[in-house]
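Please take a moment to look over the chain shown below before reading on. This report goes through its helices, sheets and rings, one topic at a time.

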Amino acid sequence: MTETPSYSAVGLANRLGEPTPTEEQRAVIEADTAPLLVVAGAGSGKTTTMADRVVWLIANRVARPEHLLGLTFTRKAAAELAGRIREKLRRLAESVPGLSELHGEPTVSTYNAYAAGLVAEHGIRIGVEPNTRVITETGRWQLARDLVTAWDGEMTEFDIGVDKVTELVLRLAGELAEHLRDGEDLRDFGHGLEAELAERQAARDNEDYRSFVALLRKHRQLLPLVQAWDRRKRELGVMDFPDQLSLAAGLVAGSPEIVQTERERWRAVLLDEYQDTSHSQVTLLRDLFGAGHPVTAVGDPNQSIYSWRGASAGTLQRFPSDFPDPSGRPASIVYLTRSWRNRRRVLDVANAVSEPLRAGTVPPLTAGGEGEGRVEAAMHLTADDEAAWIASRLAETWNPAGDRTAAVLVRKRRQIAALHRALTAAGLPVQVVGSIGLLHYPEVAEVVAMLRAAADPMDGPALMRLLTGTRWRIGPRDIGALWRRARELAPEIRGFEPDTGLEAEASLADALAEPGDAEHYSALGLLRFAQLHDELTWIRSRLGQSLPDVVGDVIAYAGLDVEVMLHHGDLSNLDEFTDIAAAYENDTSGASVPGFLSYLESAAERERGIVVEGAKAAGGVVQLMTVHAAKGLEWDTVAVPGLCEGILPSGGSASTWVTDPSRLPYPLRGDASNLPVLYLAEARTPAEVKQALVAFKADDKAARLDEERRLAYVALTRAKSLLLACGYRWDADSSRPRGAAPYLEAARDAGAAVAAWAEPGPSNPLEEQGRTAQWPQAAPLGPRQAAFAEAAEFVAAAGDLSDTPGAEHWAKEAELLLAERDERESGVIRLPRPRRLSTSQLMAMRADEAAFAADRRRPMPQPPRRATQRGTAFHAWVEEFFGGGGLFDPEDLPGAADEAVGDAELDRLKAAFKRSEWASRAIVAQEVPFVIEYEGTLVRGRIDAVFAGEDGGYDIVDWKTGRPPEGEEAANAALQLQVYRKAWAKLKGVEESTIDAAFHYVGIGRTWRPDLD
C-alpha cells in the first residue's frame, strides 16, 4: 500500500472511545499488506488488536469487508472475533464517511470449516460427491469400531481388545491424513527399514531390537484396517475432520485455478493461533496464500501445546520463509509483549518459566495492568494435603457471591477426584468442565456402573462398585462369601479345562444369581443380593430400547433422581448425561449400550488433550478442568496443582513412533525437521540398534519436556491476580517421593510467597499413618443419618402405642391421611408439577390439566387401539422408505396418538405419501430421540423426520394419519412442533429461526405449518 492512510490506529481508537493503542499494537494495526508474523504473548490483547487491524483495513479502503478472511481454531474464538469486528464497524459507521454504505461483512471461520467449504465447492474434481457429509466424533468412533469388530484379517501381533484396536486405527489414519501421507508411504518406509534392520541381524539380539522389528509387523497388519476404514468412508459417502484438510490440500495442490479464485476472493487473510496449525493446514494455506499474498499470522510459540495432533512450535518459526513477501524476502516479524491480563507478580513467574523456551528469540512479557497481584507456591507432603490447601485458600480468598472467577487446572484427569472432594468438603460450588467430566460425579458414575454390569455380566469392577457403594453397602464378609460362591460355580457353569484357572472363569454375576446357602451370608446381605440381581435382570431386558430410554430406566428404577434431589436438589448432571446418550444415538447408526460405553471410555481418554468447545469462564463456581481445555481462557484466581515430577511435567514412557504402531514415523511427518532423529547409520549390530533407540527415546523425552514446560506456561498465565502453584511429594501410588517441578522452583525463585515446602522424608507417610475407614459407610445419609436412625429405633421399640405418649402423634398422622382421602374423593386433585414428561404427556397436560392430573394420580391401562397399530405400521414404512428400518415400541411412535381411520386405508396412506412433496425431499434424519428442558420441565420424545430446508436451514415434519385439529385442539398441537424445533436447535447447535416445522396429514395430502412464534 503506497497511499497515505486516511485514518490512523490512534484516530480510530479515539472515534471508538477506546484506549490509545501502544506502539507495538500500532505496528500491527497499521502494517502494510505484505505478509506479517505477529508473535503475541499470553494476555497481550491479540483478539482486540486483530479486530482493530480489520477495521483499519476497511476504514482506509485497503479492502472491502467481504474480501477479508479470518481463520481460527474454535467456533467460540471465531464468533468472538467476528462479534468485535461487527461492533466496532457499527460504532464507526456514523463518524467515518461511506462506511455505512459497505454492506458486506468480513468472514471469520475455523480452519476446518474453511477447508470443508473448499471440498464442498470443488471436491467433485477429485471424486468427492457434493452430498458427502462430515461424521461426528461419536459416529466416527462407532463406524470404525464396527469395522474392527467384523475384521477377519490377520492380527496375530496384537493382544488387545476391539476398543484399543479401534483407537489405533483412528489415530494412525488421522496422522496419515494430517501429514498428507497414505498407506503406501508407510508401507514403503517399513519395507526399507525392515531391510535395513535385517542387515543388522545377529545370533544375539535384545528385547529393544525384537520389539522394534515387531513394530514393523504390526504396521503391516494395521495398515489394511486403516485402508479399509478409508474405503468404508467413501462407500458411505462420509468423511471425518482429518479428511477435510487432506482433501482440501490435495485439491489446491492440483488446481491452480482454485488458488487464483481464492486469492481474488480474499484480498487480506488473518490466521489466528498459527502455532497450533498442523502440517496439512500449513500446506493448504501456504499453497493458497503464499508468494506475497497479504497474510497476517498471529501466534505464540510458548503456547504450542498440540504436538499430538501435528502442530509444533517450529510452525511459527517457519512462517517467514513459508510466506515470503512479493520480492521473495522472508516475512516481517513484530511482537506484542504487553500483557493486559496478568498482574506483575504473576507475570514474573510466567517469564521465569518460559525463559528456557524463549532462549533470546522472543522478548519477555511486561505487565500492562495495574496492581502487583500475588503468587503463592507450596510443596505439600501428600496429594490430599495439596487438595486441602487449595480448598482452604480458595475459601479464604474467593467469594462465590462476588463477581470474581476461579479455576483449578489439572494436567491429568486422575487429579480431579481428590480435588473435587476437597473443594466440595470446603463448601465451595464446583463445576467439572467437559462432558466426560460428568463421569466424576457420583450419580453419573453409578449410572455408568449399572449400564456396564447389565451389559456385560463379566464386568467385575462395575459390579464391585455397585456392591460396595453407598446404595447397597455390602460388607467384606458377604463379598468374600460371594466370591467363593463364584469360584464354586465356575466349573459348573462355564465348563472346566485342566489348564484354565478357576479365578479366570469365576463371575460375581453368576454368584449373584445363585448365592447358595443362606448361612454363608448375613440376612441383609442376602436380601440385597437378590434385589440387585432383580434390578440388573430388569435393566438387561430393557437394553434393546433407545439409549436415552435405557439411561432413564436406570435412573428411575434405581431411584437415583430421588436421592440426588434429596441430597443436592439438582438433576442437571443426570440430565446432561441423558443428553449425551441421546446425541450419541442421533449421530450413530445402530447405536447400542456396549458401543456407548466403549465410546465413553475412549472419549474420556481423548479429552485429556482436547479443547472443550464452548468452554468459558463462569462466576459463582470453581471450575475444574484440564490445562488443555483452559487454553484461551482467564480467571481472577487460578490454582495449578500437581507441579511435581510425574504429573506436570508428565513422567513415564510416553508412546513414540518406535514403540507405538499407531504413531506415524517421524521421517514421514511434515514437521520432521523439528523432531528428534533415530540414527541407525552407525548401528551395525542389534546391540548398537538398541543404543540408537535408547538415545532417540531420550531425545524424544527431552522434546516432550519442552511441551510440558509450554503447558505449564499456559496454565500459569490463565491467572489475572492470584496464582496458587503447588505440588506434592507422595500419593497412594508413589513408591518414591516426587520432586518439585522445575516450574514450581522457578516460581519460588521468581518471588512467589512460599506457603509450605515439605521435605519428603524417608518413606511414604500414607503407609505409616495406617489410615482406616469404615466399610461399608456408616452414615450414607450424611448429617441426616442420626435423626433417621433415632426415628427408626423409636418405631421399632414402640410396640403398642395406644397407651403411650406417641399415640397422640400417630392419631394426628391418621387424621391427615383421612383428610387426604376426603380431598381425593371431592374431585379436587392437587399434584406437584411434573419435572419429566414425554411430548404427548406435555400436550395432554396443556389440553386438560384436570384429566391429566387424574391420570397421573391413578394411571389406568388403556385397551389396544387399531389406530395405534396402524400408526406404528405407517411410521415404520416411512422410515424404511427413507432407508431406515429401526424397531420401536408402539408407544414411542407419534402414530399412537392419531385418530382412527379405516383398516383398508393403510395402502391408500402409503400411495398418498408417495405423491406428496416430502417423498422427493432430501432427508437429514428421522426418528431422532431427544431430552430437553421446556418451560422448566424435562421433555422426552422423538422427531419423525428432518429435511434440508431450501434456504439452508431445516424442515421438521411430523407425520399424521388422522384428521387435522381445529380450534383449541390446533393450538395444543402446535406445542408439539415448538418442542421439536427447540430440541433440534439444541442437538445441532443452530438458531431456532433457521428451523421450520410442520404437520403433514397424509390422508388428505395437506401440510400444515402453524405459527410457532
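At what angle do the axes of helix H14 and helix H28 cross, and within what distance do they come? The answer opens the report, and it should be kept in mind throughout that the model is predicted.

## Helices H14 and H28

Helix H14 covers residues 344-358 and helix H28 covers residues 686-716; their axes cross at roughly 165° and come within 9 Å. Because angles over 145 degrees count as roughly antiparallel, H14 is described as roughly antiparallel to H28. The crossing in which H14 passes H28 is left-handed.

On the H14 side, the residues that meet H28 are Val346, Val349, Ala350, Val353, Ser354, Pro356 and Leu357, while H28 contributes Asp706, Arg709, Arg710, Tyr713 and Leu716. Sorted by class, this contact holds 8 nonpolar residues, 1 polar residue and 3 charged residues.

## Helices H6 and H9

A second pair of helices is described in the same terms, since two packed helices are described by the angle between their axes and the distance between the axes. Helix H6, residues 137-149, packs with helix H9, residues 207-236, at an angle of about 120°, and their axes are 10 Å apart. H6 and H9 are therefore oblique to each other, and their crossing is right-handed.

In this contact Arg140, Leu143, Ala144, Leu147 and Val148 of H6 meet Leu225, Ala228, Trp229, Arg232 and Leu236 of H9. By class, the contact of H6 with H9 is made of 8 nonpolar and 2 charged residues, with no polar residues.

## The sheet of 7 strands

Strands of a sheet pair through backbone hydrogen bonds, either parallel or antiparallel. In one open sheet, 7 strands follow the order E13-E14-E12-E15-E16-E11-E17, with parallel pairing. Strand E13 (430-432) and strand E17 (753-757) stand at the edges and have a single partner strand each, so one side of each is left without a neighbour in the sheet. On average, neighbouring strands of this sheet are turned by 20° against each other, with direction ignored.

Within this sheet, strand E12 (residues 406-410) and strand E14 (residues 622-626) run parallel and are joined by 5 bridges; Val410, for instance, has Thr626 in E14 as its bridge partner. Helix H16 (residues 416-425) packs on the sheet, where it touches E12, E13 and E14, and the direction of H16 makes about 160° with that of E13.

## The sheet of 6 strands

Another open sheet has 6 strands in the order E3-E2-E6-E7-E1-E8, and the pairing is parallel. Its edges are strand E3 (107-110) and strand E8 (332-336), each with a single partner strand, so one side of each is left without a neighbour in the sheet. Neighbouring strands here are turned by 20° against each other on average, direction ignored.

Strand E6 (residues 268-271) pairs with strand E7 (residues 295-299) in the parallel sense over 3 bridges, and Val269 stands opposite Val295 in E7. Helix H4 (residues 75-92) packs on the sheet, touching strand E2 (68-72) and E3, with a direction that makes about 170° with that of E3. Helix H5 (residues 111-122) lies across E2, E3 and E6 and runs at about 100° to E3.

## Aromatic pairs

How many aromatic pairs does the structure hold? There are 23 aromatic pairs, and one of them is formed by Phe947 and Trp959, which meet edge-to-face with 6.1 Å from centre to centre and 80° between the planes. Phe947 lies in strand E20 (residues 937-948) and Trp959 in strand E21 (residues 954-960), so that this pair, 12 residues apart, links distant parts of the chain.

Notes: Residues numbered from 1 in each chain as written. Predicted model: local features only at pLDDT ≥ 70, side-chain atom pairs only at ≥ 80, totals over all residues. Heavy atoms only, no water. Pairing = 2+ DSSP bridges. Helix = DSSP H or I, 4+ residues; strand = E, 2+ residues; numbered from the N terminus. Axes fitted to C-alpha atoms, helices over the stretch in contact; angles between N-to-C directions. Contact = heavy atoms within 4.5 Å. Parallel < 35°, antiparallel > 145°, perpendicular 65-115°, else oblique. Left-handed = near helix turned anticlockwise from the far one by under 90°. Nonpolar A, V, L, I, M, F, W, Y, C, P; charged D, E, K, R; others polar. Phe/Tyr/Trp six-rings, centres within 6.5 Å; stacked < 30°, edge-to-face > 60°.
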